[in-house]
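This report goes through a single protein model, from its overall make-up to a few local features. The sequence and structure come before the discussion.

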Amino acid sequence: MRVFRYPAPPSSAITPHALWLSRRNMLAAAAGAGLTGMIMPPRPAGAADLAAHPGALSGTGLKPTPLRDVTHYNNFYEFGLEKTDPAERSGAFHPRPWTVQVDGMVAKPRTYDIDALLTRPLEERIYRMRCVEAWSMVIPWIGFALRDLLAEVEPLGSAKYVAFESVVRPSEMPGQGGVLPVLDWPYVEGLRLDEAMHPLTILAVGLYGQTLPNQNGAPIRLVVPWKYGFKGIKSIVRIRLTDRQPRTSWNLRASDEYGFYANVNPAVDHPRWSQASERPIGAGGGFFGAARQPTLPFNGYGEQVAGLYAGMDLRRDF
Ligand code: MTE
């Protein structure tokens, strides 16, 4: 078997600043122009064209997974269990009108209209994404830091966690009406407040310079790059500050398999498979193929986030 060394990016490439390819108050234009019809982004006049800046996407040293794979190999159980279901079965989903309620232990609860959220400065972040199922991608997200939103509602001193909730719309989400639902709805997730306030944690509203496709969690989803992908809750309608550790969908389903923290950790295997390596989607080679690469602690973001877990036993708090 050929051994491929995982191209760990230099630490400079995974600091937040180096990941900011743009801080413009607009969406950058699509790199894959041929697919924009499917995604139908509202393209603000004057949007910068990433295609006009060759090398822009490679500024982090990470090679983004092809757009086709990012949008056609998905986990979004509200639309079905197969990887192709979200792309094929989300056509009737309407991400407008849409509001995100932010409340709980905050001084200034607010309900945000999605289009108002989109007028804030958006930035591109190219992040690795590691699914708990041992596959991975590199995705150029468009979004903003969750902590900026949280600062606006002014969390109370008593708030310790942030709870997230996805939309429930069985009429538009065929997986929610299924006879054998794997999960209870709504999909729920949570972070400790310091994880939510970490500068790497973003709310994404787009990818590849385009409005977020339905199958990737339109119109707004969470991205926490050092955690397994299931923490990245999609199609968020509510964000609630609380003093209790929130219940999370996959933990409710199988608490011995999916922990609350879910930090990417090659040293702690899933009870049914190894987490030591991963299959990069779009690289070919099959499940056990040569393209398999070692998984990095905290998905390669340890330098930035390991300190959040100082003194914790990450085997117990997995
Ligand atoms: N959010 C909701 N609401 N429903 C889901 O089924 N799946 C999670 C996460 N967020 C999921 C979700 C899982 S298991 C993963 S790996 C990622 O979304 C996948 O994101 P992607 O399809 O955009 O790559």
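## Terms and overall make-up

Two strands are taken as paired if DSSP finds at least two bridges between them. The model discussed here is predicted.

The protein contains nine helices and 12 strands. Of its 318 residues, 53% are buried. Among contacts with a separation of 6 or more, 72% are between residues 24 or more positions apart. The accessible surface is about 13800 Å², and carbon and sulfur atoms account for 55% of this area.

## The five-stranded sheet

An open sheet is built from five strands in the order 2-1-10-5-6, with mixed pairing. Strand 2 (110–113) and strand 6 (188–192) each have a single partner strand, so they form the edges and one side of each has no neighbour in the sheet. Direction ignored, the average turn between neighbouring strands of this sheet is 15 degrees.

Strand 5 (residues 161–166) is antiparallel to strand 10 (residues 236–242), and six bridges hold this pairing. Within it, F164 has I239 of strand 10 as its bridge partner, and E165 has R238. Strand 5 also runs antiparallel to strand 6, to which five bridges join it. Here the bridge partner of V162 is L191 of strand 6. Strand 5 is largely enclosed by the rest of the structure, because five of its six residues are buried.

Helix 6 (residues 146–153) lies across strand 1 (99–104), strand 2, strand 5 and strand 10. The angle between helix 6 and strand 2 is about 135 degrees.

## D103 in strand 1

D103 belongs to strand 1. Is this residue, D103, buried or exposed? With a relative accessible area of 12%, D103 is buried, because the cut-off for that class is under 20%.

Leaving out neighbours within four places in sequence, D103 is in contact with P109, R238, I239, R240 and L241. With one of these residues, R238, the side chain of D103 makes a side-chain polar contact at 2.9 Å. R238 is also the residue in strand 10 that serves as bridge partner of E165. The C-alpha atoms of D103 and V162 are separated by 9.9 Å, with their positions 59 residues apart along the chain counted as the separation.

## The ligand site

The ligand is surrounded by 16 residues, and the closest are N74, Y77, E78, G232 and K234. An oxygen atom of the ligand is 2.8 Å from a polar side-chain atom of N74. For N75 it is a polar backbone atom that lies 3.2 Å from a nitrogen atom of the ligand. A polar side-chain atom of S166 is 2.9 Å from a ligand nitrogen atom. The ligand taken alone exposes 540 Å², of which the protein buries 98%.

## Buried polar residues in loops

E172 is located in the loop between strand 5 and strand 6. Its relative accessibility of 15% places E172 among the buried residues. Apart from residues up to four places away in sequence, E172 touches F79, R89, A92, F93 and H94.

N263 sits in the loop that connects helix 8 (249–253) and strand 11 (277–280). N263 is also counted as buried, at 7% relative accessibility. Beyond four places in sequence, the contacts of N263 are W226, K227, Y228, F298, Y309 and L314.

## Backbone geometry

Two cis peptide bonds may be noted. The bond from R96 to P97 is cis, with omega near -15 degrees, and P97 lies in the loop between helix 4 (85–89) and strand 1. W185 and P186 are likewise joined by a cis peptide bond, with omega about 0 degrees. P186 is in the loop between strand 5 and strand 6, where E172 is also found.

A134 is not a glycine, yet its phi is positive, near 75 degrees. A134 is in the loop between strand 3 (123–130) and strand 4 (135–145) and is buried, at 2% relative accessibility. E154, again not a glycine, has a positive phi of about 60 degrees. E154 lies in the loop between helix 6 and strand 5 and is partly exposed, with a relative accessible area of 34%.

Methods: Residues numbered from 1 in each chain as written. Predicted model: local features only at pLDDT ≥ 70, side-chain atom pairs only at ≥ 80, totals over all residues. Heavy atoms only, no water. Helix = DSSP H or I, 4+ residues; strand = E, 2+ residues; numbered from the N terminus. Axes fitted to C-alpha atoms, helices over the stretch in contact; angles between N-to-C directions. Contact = heavy atoms within 4.5 Å. Buried < 20%, exposed > 50% of the residue type's maximum accessible area, 1.4 Å probe, protein only. Polar contact = N/O pair within 3.5 Å; in protein donor to acceptor, adjacent residues only side chain to side chain. Areas by Shrake-Rupley, 256 points an atom, 1.4 Å probe, with all protein chains shown as cover. Near = heavy atom within 4 Å.
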